[in-house]
Every structure is written in C-alpha cells, then in structure tokens.
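Colleague: I'd like to go through some of the labels on this one. Can you talk me through the reasoning behind them?

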2 protein chains.
Amino acid sequence: MSDLELPPSISVCGNTDKAKEILSRIWGKKGVFTCTVGNTMTSTIPGVSDAGDTPDLTLFTPAADAEMLVLGKTVCMKGIPINPGGIPTPATLTMAALQLSNMPLYIVNGGTKIKPNIPCFEVGGTCGGSILSGKAVSNVQECFKMGKILGEMLSKTCDFVVISESCAGGTTTALAVLMAMGVLKENLVSSSSPNNPKELKTKIVNDALAAAGIKIGDLAKDPLKAIECVGDPMMPANVGILIGAAKNVPVIVGGGTQMAAVMAATVALDKSVLNNMIQGTTRWLVNDPNSDMRRIVDSVHPDIPIAYVNMDYSESPYEGLQAYEWGYIKEGVGCGGSSVAAIVQSAGNITCADLLDRVHSIYRKLLDI
Amino acid sequence: MSDLELPPSISVCGNTDKAKEILSRIWGKKGVFTCTVGNTMTSTIPGVSDAGDTPDLTLFTPAADAEMLVLGKTVCMKGIPINPGGIPTPATLTMAALQLSNMPLYIVNGGTKIKPNIPCFEVGGTCGGSILSGKAVSNVQECFKMGKILGEMLSKTCDFVVISESCAGGTTTALAVLMAMGVLKENLVSSSSPNNPKELKTKIVNDALAAAGIKIGDLAKDPLKAIECVGDPMMPANVGILIGAAKNVPVIVGGGTQMAAVMAATVALDKSVLNNMIQGTTRWLVNDPNSDMRRIVDSVHPDIPIAYVNMDYSESPYEGLQAYEWGYIKEGVGCGGSSVAAIVQSAGNITCADLLDRVHSIYRKLLDI
C-alpha cells in the first residue's frame, strides 16, 4: 500500500516516498497522543517568547495547554493562553483533532514551574533554568531513561505514537541545542510571531553557548550534554519517548523547530529511529517565510519524511484564528501532529473542514462568544 | 448475553447475576490495567505487615512491585519482594496475566516514600504517616480529584478499567477506614500471613481511631475524611479512578480487603458506581478461612458482584508458590483482577493453566533458577 493516495487534507514533503511508506503502515490504525510540557526560565527573558501575554505568563502556557487538552478548560490561569494581540494557543486545533479522533491522550511533565492540574506522567524533571547560565536542565539522563521506558510502554498499547511539546521559549533552546550539536551554524528557527526576534535569539544563544564553554558543533555526539547545557526540560523526556516508542511502532513527531532539536538529539543517539519517524506539522509552518523548517529538518537528517495538515484559517470569521495565516503561532502543542494523526487514524475520513468546524466551536466555547 | 457461560478458570460470587451481566458486557473486549502504589508508615510498625522481609523493607515493596510489572525486574532493591520465608510477591501472577493478555498497564503513584523507577501517573500524593497519629494522609481531596480525572481519561481509551493496589500495611489502614465508616464493627480483615496478627491490628486501629477522635461509624458519610485520618495514600487516588472510570465503562476492582475500603468510600460518595463495578480477586482470598472477605464486601454493599480466578498452586514444583495454598499472600498487586481481566479480554482463551505456566517461567527467571 505504498501507493497510498493522500486525501487533500494532508501533504508530504522531505523524503516523500518514505513519508507515504510510513503513513501507509499506520493508515486507519490506532494512535496514542502525548504532549510533553516543560518550563524554561529562558521564556521570561523579555522579547524571547510570545507564547503568553507577558514574559511571566509564558510560564503558565504549557500547564494551561495541557489542562485544555485534558479538561477542555484551563485551571492554572483564567482564560486561555494567548499571544499578545489575542491570538489563541494552537491547543485549540489539537483539542479539535483529539476530540474528533477520540485518540488516547497523555500529558508528560518534562519539568515545570507551573504544574498542570491534571494527572501527568512524571519522569523526574524540574523547571529548566535560563540557558544564559550554561546549565539549563538538570537530571537529563534520568528523564531520558524514564522517557524511554514510557515510550516502550505506550508503543505496546497502539499502532503509532504521536509526541509533541508545549514549552514557551522553546525555539530559542532548540536553536541553542542545534548549534551546540553543529546541526545549524546559523539561526534558521521559527517563532510564534512573524516579527521573529532573530537578533535577540541569536545573541542569547551565543551567550548561552559561551557560558557553557561550547563552540558550535562541539556536542555533535553528546546531545544529552547539549540539552543539559542549553536545552529545556521538554527535550530529554521526548528524546526518550521517541527512541522507546520507535523501537516498536511509527512515531509522528508533532511540531516544528522545537521538535527538530528533539529529532536531532534522537538521531545522534540512535540512527535506527529513522525507520519509524515522521514529522507531523502544519502547512503554516512548512510555508513560513520567516523560518526555514525544511532546511532545519534536512540538516538534522536528509532522510526525514514530513507530513503536514493543510489547515487554512483565512476564511475563519475570527480574527484570532485568521492571524495564523499571517505568520502567527503556526505550530505548537502538537497541533500539526495531532491533526495528521486524526486524518491517518480515520483513513482520511476526518478532513480539514471537520477540524475547522470543531476549532470554531471550541473557540466560541472557550471565549464564551 | 447474560447467559454467559463462564469457563472453569473463573467463578463468581456475591451478586452472581450482576457479576455475569457485567462480565458479559466486557467479554472479549479491551481492558486497561492500573496499579496504584502507596506507602504508609503504618507498615513499619513491627508485626503489622509481612509484605517484605523486614518491617523497613515493606516500604520498598510497592515500588518493587511496580518495577516488576513495567520492567520485568526490580530496580529500587535487589531481588523481588518476598514475605519472610521467601514467598514471592503476587506481582508474579499479575505479570503473567499482563504478559499473556498484552493489556496496557499504568502505574499510579498514590504517595510513596520509595518511588518506583519508572514513569508513573502522579496525583499529588505523598507518603502516608502512621495511622496512630490520627492524621495519616495529606492532600486527600486533591488526589481524589486527580484520580477522578485519570479514571475518566483512561475510560476513554478502552472497554473496561482494572484498578488495584500495592501498599504494604494496607489491610490495617483498610480496617481502620472501614471501622471509621461503620462498615465494619469488628476485625474481619485478611492478612498476607496465615498467622494474621488480628489482636495487634485491632489494637492499632482502635488507637488510631482514638487519636483521630473518631468513634466507629462517625465518618459513614465522609469517607475522604476517614482516609485522611486513618487511611493510606493508595486510597484517595483509587477512589477517584473508580468513580471517574465507572461513569463510562465497567471497572474491575482488583484486590481484597484493601480494595473493599476503596469500594466502601466510593459507594458512600457515589452510589451510581454500583452499576459498573465488579470485584476481581482470587480463589485463595475468597476461600481464606482466616478472613471473611465476602462478609466485608457484603457489608460495603450487598449488591457487589465478585469474580475470582481459580488459580491453584498446589501442584507447583516451587514451595514459595505452594505457600499460596497454605494461606500466604492470597491477593495483592491486582493479581486477581488482572487474571480475571486476562480471561475476560481473551473471552476465556487464556486459562489458569496458561497463567500457571507463565508464573513458573517468570518465577524461574526472577529467581535465576
């Protein structure tokens, strides 16, 4: 079935043959969705993260996202996470995909300052420090090991696993890890704002690498050390889950540049993962003129297949959603991965139109309009 | 299909019509197994618990049991949990049932001093104090609430949920909660030893109730308060999971007297659970001459159905297992519930003979014989 005909709701890029081959293996099969939340104090550096109305509120965003997915509402804060300007968290799309597909959903606490008020899988992580310290994440080996066990556990319960993240400030830590590993030599990473503060991020990453005494590429073969120095606590758990799950089943890596750092670390540790790994993301990110996600993924490994959901909010009656078409948000909370997974699991019966309808009803309910 | 013909591997008692009705609804369907681990300092009172080679080692038993289920071996201690005399933990039977049925398995950390070295669902609990303090469990409301969310989450992923426990000292805390609630007026509870230290347990429970200022039956309508005063941290999580899951699917309550306390608290909080609840246990416990599990369950509610697995270790070549026939262990770590679940999920294709074979190979591997 490598002659799989994709419905218009998803497209593939990267290694398209491999993308179709992996998708054909899980087409109509049962997935499990995970989202690993983490906090890094890096997100509170003014200007770094727009994933929250103020720098301090960015720390609440992962917990709030997780609560939305599990409870359908937030508990740790009032309202829902928004970018300055009122653009809603991509968790709205993830909720839609999970509701329509009825996929089992588990939250993993990679390490947080603000814990979600829901039962999470704990892996032994704590809130990450600012990467400017050069010692950003503690207990990395343990979290990686626990993640690996969790990935194996989950892979025994389903035909494929989706991994994803909510970690504000995570594109900056991703850039730092990718540069520490030498996967990137320059800043190609994305942002949740079209006014991607590239200079600021580049300066922070250079300072972080200097603080850790790392030159670009020094840690190509020691990705867990790179994460320990300049990463965030979402990473070790997700690297572990990916390695553990991909031993047994395909894994949809849901996300953009943050998950590219996870893939880079994973591939450096265990190349065999490439047989069972496909990135799942959004049309918004693949087509983002301000980043170059495909070049980044290509730098991780030229063989990585990508599937993306063709969501289009341009006809949405809500400006907060239309903003996704203007370069805001684009990815996060596994919105692309869960959408791809919903389409795959339903063998194409769930469409972008279905997802859009559900996003609208979720949006209205959450904003009480 | 209420004319369900039970295979010889399981029998029913209590409300047998209801037992068959519930079993027929889940016959051949897919279950999820959970084990909630907890520590109570009550287990370290000399003489209270035999679930460990020494009083202090009883604190390691829940973590070791959980590690065995997930990893197939222990990490927190050398060897496996044994009663004095070398009788192996019932987790050996649980492992056999989970391996043969390939059922998804999750460990919930109700509150422990020794944490299992695996990813657990956290619900906000901490190690329980000695019930002699009269303030045995903290954060009960929160753990109950998290348990409820978890139960709902899990119920969406399967056709039935199995809940169980590993908490040394738990028959004493169960007796205390059952007496605080007035479900029991005297000590009918079981023990992992045929020399059930009834006088000691009765004295401890009376002292605990006095320390908490509770007379028998005072907390009939406030089971969470009873748990807070004289229970253990396995309880609030499991009460929550039971209520949350039973809203949507049948729940097999795997265990004996400890889980009777969980059922008592649950029924006091939400009678509707009775429509979706069946105890799953072992022939050893149902036939234990030193306890009266059926009378206890009848006191909880006369309408509770019971299914039990007809395991028989009398022909086992291993004395450690034969001891189960002499009144040792009998229940724990959901060995009865998981066995019943394995038989149910396989529509009777898994038999006691299959389980015994697998227990033997697990036993040989663990003891390296």
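Modeller: Sure, here are a few salt bridges and the core, bearing in mind that this is a predicted model.

Colleague: What makes A:Lys18 and A:Asp303 a salt bridge?

Modeller: Their side chains come to 3.2 Å, N to O, and the cut-off is 4 Å, so the pair qualifies. The two sit in distant parts of the chain, 285 residues apart: A:Lys18 in helix H1, A:Asp303 in the loop between helix H11 and strand E11.

Colleague: Why is A:Lys18 called buried?

Modeller: Its relative accessibility is 14%, and buried means under 20%, so the label fits. A:Asp303 has 27%, which lies between 20% and 50%, so that one is partly exposed.

Colleague: How do you know that B:Lys115 and B:Glu122 form a salt bridge?

Modeller: The closest N and O atoms are 3.6 Å apart, and that is within 4 Å, so the pair counts. B:Glu122, at 12%, is buried, whereas B:Lys115, at 45%, is partly exposed.

Colleague: Which residues are joined into one network by salt bridges that share partners?

Modeller: A:Glu186, A:Asp292 and A:Arg295. Within that network, A:Arg295 and A:Glu186 meet at 3.3 Å, N to O. Over all chains, the structure holds 18 salt bridges.

Colleague: And which residues have the most contacts inside the largest nonpolar core?

Modeller: A:Leu69, A:Ile107, B:Leu69 and B:Ile107, in a core of 268 residues. Beyond its close sequence neighbours, within four places, B:Ile107 touches residues including B:Val37, B:Leu69 and B:Phe121.

Key:
Residues are numbered from 1 along each chain as its sequence is written. Chains are lettered from A and ligands numbered from 1 in the order in which they are written. This is a predicted model: local features need pLDDT of at least 70, side-chain atom pairs count only at pLDDT 80 or more; totals for chains, interfaces and linings use all residues. Side-chain values use heavy atoms; hydrogens and water are left out. A nonpolar core is a set of buried Ala, Val, Leu, Ile, Met, Phe, Trp, Tyr and Cys residues joined through side-chain atoms within 4.5 Å. Buried means under 20% relative accessible area, exposed over 50%, partly exposed in between (1.4 Å probe, protein chains only). Contact means heavy atoms within 4.5 Å. Helices (H or I, at least four residues) and strands (E, at least two) are DSSP runs, numbered from the N terminus.
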